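Dear colleague,

I am handing over the structure we spoke about, and my notes on it follow directly below. Please read them with the coordinates open beside you.

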Amino acid sequence: MIAQSILNRLVKPLHLTPKIINKFDVAGPRYTSYPTADRFVEAFTDEQYIQALEGRSVGGVALPLSLYVHIPFCESLCFYCACNKTITKRHERGAEYLQYLGKEIDLHVAHIGAGRAISQLHLGGGTPTFFGDDELSELMAMIRRNFSLVAGGEYSIEIDPRTVTEKRLAHLASLGFNRLSFGVQDFDLDVQKAVHRIQPIEQVFDLVDESRRLGFDSINVDLIYGLPKQTPHSFARTVSQVSKLIKPDRIALYAYAHLPERFKPQRHIQAADLPSAQEKVTMLSNAIAAFLDAGYVYIGMDHFALPKDDLAIAKRQGRLHRNFQGYSTQPECDLISLGVSAIGRVGATYSQNAKTLDEYYSFLDQDRFPVVRGLMLSHDDLVRRAVIMAIMCQGSLQYESIESSYLIDFKTYFSKELDALQSLSSDGLVEVEDNAIQVTNLGWFFVRGIAMVFDRYLQADKTRTKFSKII
Ligand code: SF4
């Protein structure tokens, strides 16, 4: 059932009929990669990874590099958590981990050479700010000793407001970070108690204020709807506080998926405290309307940005890209990912590191890359990746660009997919022209449903339901 409020608000301007919502409210990937990570295989090992690293430079020319560092530690458990993390208050574990990150960097430098240019760096977790100031300094010093951070690059870090002071923000700025992402989720105290994450609005407000004073280029706030004790009314208050009082440059709005059988922390959440599916749809609908009213631009896939933000500018100019961190303004890069469970993309490969600290340390103790699974992309994977990313990022696709890059005849190669798009076209989500595909304004809200048509694995295996829902 779809909330009446959605129909009232959206049917007229967006033609979002109940039929369309029912049709597209299905499980689907977020396409931070194609093929998606559940297709990685254990037959891909550190040996293939080394080949990919050594083969990334053709005639001395290589794609620019992006660097991701995963810091898995958190001081306390958030009950909604579905991340790879280790809960501990023993901060000396951070020092040990840092040493191993150093080994992993050394191994990379041995294969790609020192001083490679990095245009994008992201520290994620877990809680990157679990590291103390000295450890963060040491990590950045290690990165700068071995890579070259280019001027004008995007250097971002995820911030748990409970672990950061205004003084620490100044330290992050001095280390060269220019983008911050604050995990807020919800400001309502009952919700915060129900998810075991207390962080008063005043604390976040002061930190964001100080971040602006320090000159960070872009500030993001993450919110989650569908959490226990949330109501459409309470969440609307949080949405208003964020979009009107804090007014970050970017907002990411995620749906909470309650999967306690898969994610142990979620067993602390009482199912009876969760909002109904209809209430979730109302929260989403109201939040979208509130962000648009507050002047934000819908980027796609749960992301909003102020019109002056780089992401909104890139969307207007058709320059959006997508990587494991979501939307990005940076051109296609090879992604080197460091740390436990981190996923990288080098050349035509994806690779993932060991998911436990013991295994991760054990590989590095043997001077081996801690890669335990991954994928070597086939020609078909590469063609489809290009198509899916064009749909997800530009919302349009010229057949000719794919034909000339991959030497195929688009209409012949994708005849089944073009047939399948006809029903989406009748529903007004996409326009299929003679030489191009164009996602409509309405289609942007369901863009992964359009991309899914080109996902060969998904089409071959339609019974899989492990992905979260579109709405
Ligand atoms: S949600 Fe983030 S901060 Fe909370 S336990 Fe999970 S990784 Fe740690």
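**Ligand shell, cavities and cores**

The shell around the ligand divides into five nonpolar residues, three polar ones and one charged one, and please keep in mind throughout that this is a predicted model. The residues that make up this shell are Cys74, Ser76, Cys78, Tyr80, Cys81, Cys83, Gly126, Thr127 and Arg197.

Turning to enclosed space, the count comes to three cavities of 30 Å³ or more, and the second largest cavity among them has a volume of about 50 Å³. Its lining is made up of Tyr49, Glu104, His108, Ser337, Ala342, Ile343, Gly344, Ser351, Gln352, Asn353 and Val371, which divide into four nonpolar, six polar and one charged. At least two residues of this lining are supplied by each of helix 4 (92-112), strand 14 (343-346) and strand 15 (349-353), with strand 15 giving the largest share, three residues.

As for the nonpolar packing, the largest nonpolar core has 119 residues, and those with the most contacts inside this core are Tyr97, Leu101, Leu139, Ile143, Phe177, Phe410 and Phe454. If residues up to four places away in sequence are left aside, Leu101 touches Val69, Phe131, Leu139, Met142, Leu338, Gly339 and Tyr360. Apart from the largest core lies another one, of ten residues, which include Leu77, Val191, Ile224 and Leu227.

With best regards

How values were computed
Residues are numbered from 1 along each chain as its sequence is written. This is a predicted model: local features need pLDDT of at least 70, side-chain atom pairs count only at pLDDT 80 or more; totals for chains, interfaces and linings use all residues. Side-chain values use heavy atoms; hydrogens and water are left out. A residue is near a molecule or strand if one of its heavy atoms lies within 4 Å of it. Ala, Val, Leu, Ile, Met, Phe, Trp, Tyr, Cys and Pro count as nonpolar, Asp, Glu, Lys and Arg as charged, and the others, Gly among them, as polar. On a 1 Å grid over the protein atoms alone, a cavity is a set of points where a 1.4 Å probe fits but cannot get out, and a pocket is an open set with protein on both sides within 12 Å along at least five of seven lines; lining residues have an atom within 4 Å of a point. Grid points are joined across faces, edges and corners, and a volume is the space filled by probe spheres set on the points. Helices (H or I, at least four residues) and strands (E, at least two) are DSSP runs, numbered from the N terminus. A nonpolar core is a set of buried Ala, Val, Leu, Ile, Met, Phe, Trp, Tyr and Cys residues joined through side-chain atoms within 4.5 Å. Buried means under 20% relative accessible area, exposed over 50%, partly exposed in between (1.4 Å probe, protein chains only). Contact means heavy atoms within 4.5 Å.
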